[in-house]
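Please look over the model below. The report takes up its packing, one of its pockets and some of its strand pairing.

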Amino acid sequence: MHQPQHPGAHVRGRGGSSTGHVVDAVIVGAGFAGLYMLHCLRGLGLSARVFEAGGGIGGTWYWNRYPGARCDVESMDYSYSFCDELQQEWRWTERYASQPEILRYVEHIADRFDLRRDIQLETRVTAARFDERASRWQIETDRGDQVSARFCIMATGCLSSAQIPAFPGLESFAGTTYQTSHWPHSEVDFTGQRVGVIGTGSSAIQSIPIIARQVASLVVFQRTPNFSAPARNGALDPEFERRVKADYAAFRQQARESRVGFVVPANAESALAVSAEVRQREYEMRWQRGGLGFAAAFADLLTRQEANDTAAEFFRAKIRATVRDAAVAEALLPKDFPLGTKRICVDTDYYETFNRDNVTLVDLRSEPLEAITPRGVQTEATEYELDSIVFATGFDAMTGALLNIDIRGRGGSTLGDKWVDGPRSYLGIAIAGFPNLFTITGPGSPSVISNMMVSIEQHVDWIADCLSHMREANLYTIEVTTQAEDSWVAHVNEVANATLYPLAKSWYTGANIPGKPRIFMPYVGGVGAYRKTCDEIAAKNYEGFKLTG
Ligand SMILES: Cc1cc2nc3c(=O)[nH]c(=O)nc-3n(C[C@H](O)[C@H](O)[C@H](O)COP(=O)(O)OP(=O)(O)OC[C@H]3O[C@@H](n4cnc5c(N)ncnc54)[C@H](O)[C@@H]3O)c2cc1C
């Protein structure tokens, strides 16, 4: 019989290589999730080793350095809440923080809480296998590390596995290619160049206006137009900052109880119950305020197509009014999915950019992309000659980073096999057949539908409380039952199916990845309601889980 090693009875990490190490927990990923998880485990007196594939910490904000990379949740919201001194002392400079500023914040966190000594950079976890006899995880990396851990915590990120479509001829291109999600660390100067951007999702929408101002000519290759609202970014209003900081605790509490992890003025009325003038006024107010929160303009925008149509038409009218060339405006109009069923983008001068003489929009629905050639991009209609191509082609969202690791649970069964028809998880935190393994913001949790900082902190706190409970109750393993998992998956689907979300062919459903099973992955029941469910489950002695000593 194996001798369970309880939290506290651990071997401390050695700092350098990790071969043969025994730790309480391995954390995969050093973004906001991994860093806070490490901090909490330290607080519990547990030993942990963090492996991070990147050359630095920060996850999303380490990798995505493209021009214009910026948060679309406001900075007073998009920050950690766990330390009051930190949130009081840190000063954001803008309403929405830029990527360099967020990365400075991350670096500050690592120093302030002395996190670096347990983080191993430039190390990709390749395998995590559950050893049933020892009830421990064996973790392997691409650098030959082998670590034995009681708990394996996946902080691998929802949007960290980049997707580059396999364009024929890609290798033949004679110019330079860039990917928004793996942007070089040194400044890229496009001055005088002919540049193409492939993709018109959030990263493209942020970068296109800035790239357009630098280049000789810019060609934007669009497959699906998106809804984008103006950010109305600017210096952070000192009065707003003062008010928030005067009672940051209450501000955070409201965010935790909200639907999406930050507070936007919500309207309980149906869009169809008011006159066209009232609707227009409401939409215009939100458009002028800028940023996210449009979907809260009326109670039924995400549940009734006719209600949604009114908001979508408002956006389309704005695009028509902004873009001078009627044919270009028409091509930019999103028509294939209801507003808000793909994350609404937030921009600065995106639509205005198409009024520039040096910008061309190519609608790939009318002239499909055939190949990348040595000279540029070949569509069905013509060849566009380019010096550089920027791929803004998105991510294998939510499951990609997890499935890139050879994760094997009970009986050696793989996560890939288990998720062959789409992800199945309890609360987006735990997976049946994979004991003592946790996923932070996994599929089946609000994650990408929310202010991720709120969702990350909630999951990390829940996991830390769970481990603390296990220590107090002298328990060694925790594993969700298949029954509990099945009913959560059914609930996630039921909630999603009561909305318009599943109508969009989006990365929420895996539709952007060829061959990926179509299943609606995030939980849209609301951040506040979800938190309550998680807390109730914990309070009922971890209902749905089997805990063993
Ligand atoms: C361009 C962009 C803009 C965004 N803007 C917003 C926003 O405005 N608001 C918002 O709420 N969210 C936004 N997000 C989502 C963002 O990902 C989260 O807010 C948050 O940063 C996620 O933190 P994380 O720690 O969970 O994951 P990540 O930051 O993705 O970190 C995960 C880390 O895990 C590492 N990793 C993955 N697999 C392995 C492995 N096998 N071995 C070792 N390391 C591994 C990755 O290298 C990565 O560094 C944005 C995402 C992107 C890409």
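Which residues does phenylalanine 32 touch, not counting residues up to four places away in sequence? The model is predicted. In it, Phe32 touches Trp61, Tyr78, Tyr80, Ile102, Tyr105 and Val106, and also Met453 and Ile456.

Phe32 belongs to the largest nonpolar core, which has 111 residues. Along with Phe438 and Trp462, Phe32 has the most contacts inside this core. Helix 14 (residues 452-472) supplies the largest share of the core, ten residues. Another core lies apart from it and has 31 residues. Ile205, Val215, Val323 and Ala331 are among them. In general, nonpolar side chains tend to be buried together in soluble globular proteins.

Next, the pocket. The second largest pocket holds about 600 Å³ of space. Its lining has 29 residues. Nearest the centre of this pocket lie Arg259, Val260, Ala295, Ala296 and Leu302. By class, the lining has 19 nonpolar residues, eight polar and two charged.

Strand 4 pairs with two partners, listed here.

| Strand 4 partner | Sense | Bridges | Residues standing opposite |
|---|---|---|---|
| Strand 5 (residues 136-141) | antiparallel | six bridges | Ala127 and Glu140 |
| Strand 17 (residues 406-408) | parallel | three bridges | Arg129 and Arg408 |

Strand 4 itself covers residues 125-131. Strand 4 and strand 5 form a hairpin, with four residues between the strands. What sign does phi take at serine 135 in this hairpin? The phi of Ser135 is positive, near 50 degrees.

Note on methods
Residues are numbered from 1 along each chain as its sequence is written. This is a predicted model: local features need pLDDT of at least 70, side-chain atom pairs count only at pLDDT 80 or more; totals for chains, interfaces and linings use all residues. Side-chain values use heavy atoms; hydrogens and water are left out. On a 1 Å grid over the protein atoms alone, a cavity is a set of points where a 1.4 Å probe fits but cannot get out, and a pocket is an open set with protein on both sides within 12 Å along at least five of seven lines; lining residues have an atom within 4 Å of a point. Grid points are joined across faces, edges and corners, and a volume is the space filled by probe spheres set on the points. Ala, Val, Leu, Ile, Met, Phe, Trp, Tyr, Cys and Pro count as nonpolar, Asp, Glu, Lys and Arg as charged, and the others, Gly among them, as polar. A nonpolar core is a set of buried Ala, Val, Leu, Ile, Met, Phe, Trp, Tyr and Cys residues joined through side-chain atoms within 4.5 Å. Buried means under 20% relative accessible area, exposed over 50%, partly exposed in between (1.4 Å probe, protein chains only). Helices (H or I, at least four residues) and strands (E, at least two) are DSSP runs, numbered from the N terminus. Contact means heavy atoms within 4.5 Å. Two strands pair if DSSP finds at least two bridges between them.
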